[in-house]
Amino acid sequence: MDLSANPDSPLSGGGNGGGSSSSITSLSVVSGGTSQSPSRYEAQKRRDWNTFGQYLRNHRPPLSLAQCSGAHVLEFLRYLDQFGKTKVHAAACPFFGHPSPPAPCPCPLRQAWGSLDALVGRLRAAYEENGGSPESNPFAARAVRLYLREVREHQARARGVSYEKKKRKKPQQLTGDSSGSFCSNQHQPPPGPPPAAGC
């Protein structure tokens, strides 16, 4: 595979995504025609989509979006590891499982699981926004989900961190009566004065 050297990480939006025009015209993100600037999420999604399009064009042989499969997505995610900034300790490393190692080590830098997970989510949405069907979305492939799970579990062990979801506090529920109204006795106006005795 002949990939042009890019000193900036594709995930950070570095590089101009230029190059020669190709037959992958469906990879350009269609803007909604609004005069407002896109949100950070939309701008990042566009950069990610353009980076993936450049990756497909530089692939040997070049790939069209229609030819792209979950296997190509996995290849792309592994390619991105060279731009990672997260230290992932090898099993033989003395700092394996330590969240704050006391000294440097030669273990490789990788893309963090959270970054890959967010990237796949953005590309999955961009694929469908650009005319791809949800049924054929390579970013939603089972192999991609399994790969992300393996990366999460491996990085959690190697870095000594937990990726468990934080449990949300349950909201306090008000007690209700059988009619479905909540605390009906608390919101009634105070009783008025007693009726006057007739003269």
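**Close-up views of a predicted model**

**View 1. Helices H1 and H3 run roughly perpendicular to each other.** On the scale used here, angles under 35 degrees count as roughly parallel, over 145 as roughly antiparallel, 65 to 115 as roughly perpendicular, and the rest as oblique. This is a predicted model, in which local features need pLDDT of at least 70 and side-chain atom pairs count only at pLDDT 80 or more, while totals for chains, interfaces and linings use all residues. Residues are numbered from 1 along each chain as its sequence is written, and side-chain values use heavy atoms, with hydrogens and water left out. The axes of H1 and H3 cross at roughly 80 degrees and come within 9 Å; each axis is a line fitted to C-alpha atoms, for helices over the stretch in contact, and angles run from 0 to 180 degrees between N-to-C directions. H1 brings Tyr41, Glu42, Gln44, Lys45, Asp48, Trp49 and Phe52 to this contact, and H3 answers with Leu119, Gly121, Arg122, Leu123, Ala125, Ala126, Tyr127 and Glu129. Contact here means heavy atoms within 4.5 Å. Sorted by class, the residues joining H1 and H3 are 8 nonpolar, 5 charged and 2 polar. In this sorting, Ala, Val, Leu, Ile, Met, Phe, Trp, Tyr, Cys and Pro are nonpolar, Asp, Glu, Lys and Arg are charged, and the others, Gly among them, are polar.

**View 2. Here is the whole protein, for orientation, with its 4 helices and 2 strands.** Both kinds of element are DSSP runs numbered from the N terminus: helices (H or I) have at least four residues, and strands (E) at least two. Follow the chain and you will meet the order α-α-β-β-α-α. Of the 199 residues, 32% count as buried, meaning under 20% relative accessible area, whereas exposed is over 50% and partly exposed lies in between (1.4 Å probe, protein chains only). Among contacts with a separation of 6 or more, 65% join residues 24 or more positions apart. The accessible surface is about 13600 Å², with 52% of it belonging to carbon and sulfur atoms; these areas come from the Shrake-Rupley method with a 1.4 Å probe, and for residues only the protein chains shown count as cover.

**View 3. H2 (residues 70–80) meets H1 (residues 40–58), with axes that come within 11 Å and cross at roughly 105 degrees.** H1 and H2 are therefore roughly perpendicular to each other. Look for Thr51, Phe52 and Tyr55 on the H1 side, and for His72, Glu75, Phe76 and Tyr79 on the H2 side. By class, this contact of H1 with H2 has 4 nonpolar, 2 polar and 1 charged residues. H2 is largely enclosed by the rest of the structure, because 8 of its 11 residues are buried. Those buried residues are Gly70, His72, Val73, Leu74, Phe76, Leu77, Tyr79 and Leu80. Their cover includes H1, H3 (113–129) and H4 (142–159).

**View 4. Phe52, a residue of H1, is buried, with a relative accessible area of 0%.** Setting aside residues up to four places away in sequence, Phe52 touches Leu65, Cys68, Phe76, Leu123 and Phe139. Leu77 sits 25 residues from Phe52 along the chain, with 9.9 Å between their C-alpha atoms. In the loop between H1 and H2 you will find Pro61, and the peptide bond leading to Pro61 from Arg60 is cis, with omega near -5 degrees.

**View 5. The whole structure holds 9 aromatic pairs, and this view picks out Tyr127 with Phe139.** Their geometry is edge-to-face, at 6.4 Å centre to centre and 65 degrees between the planes. Rings of Phe, Tyr and Trp (its six-membered ring) pair if their centres lie within 6.5 Å; planes under 30 degrees apart count as stacked, over 60 as edge-to-face, and the rest as tilted. Tyr127 belongs to H3 and Phe139 to the loop between H3 and H4, so the pair ties together parts that are 12 residues apart in sequence. Tyr127 is buried at a relative accessible area of 7%, and Phe139 is buried at 2%. Beyond its neighbours within four places in sequence, Tyr127 is in contact with residues including Trp49, Leu65, Ser136 and Pro138. Leu65 lies 62 residues from Tyr127 along the chain, yet their C-alpha atoms are 9.2 Å apart. Zoom out a little to see the ring pairs that link Trp49, Phe52, Tyr55, Phe76, Tyr79, Phe83, Tyr127 and Phe139 into a cluster.
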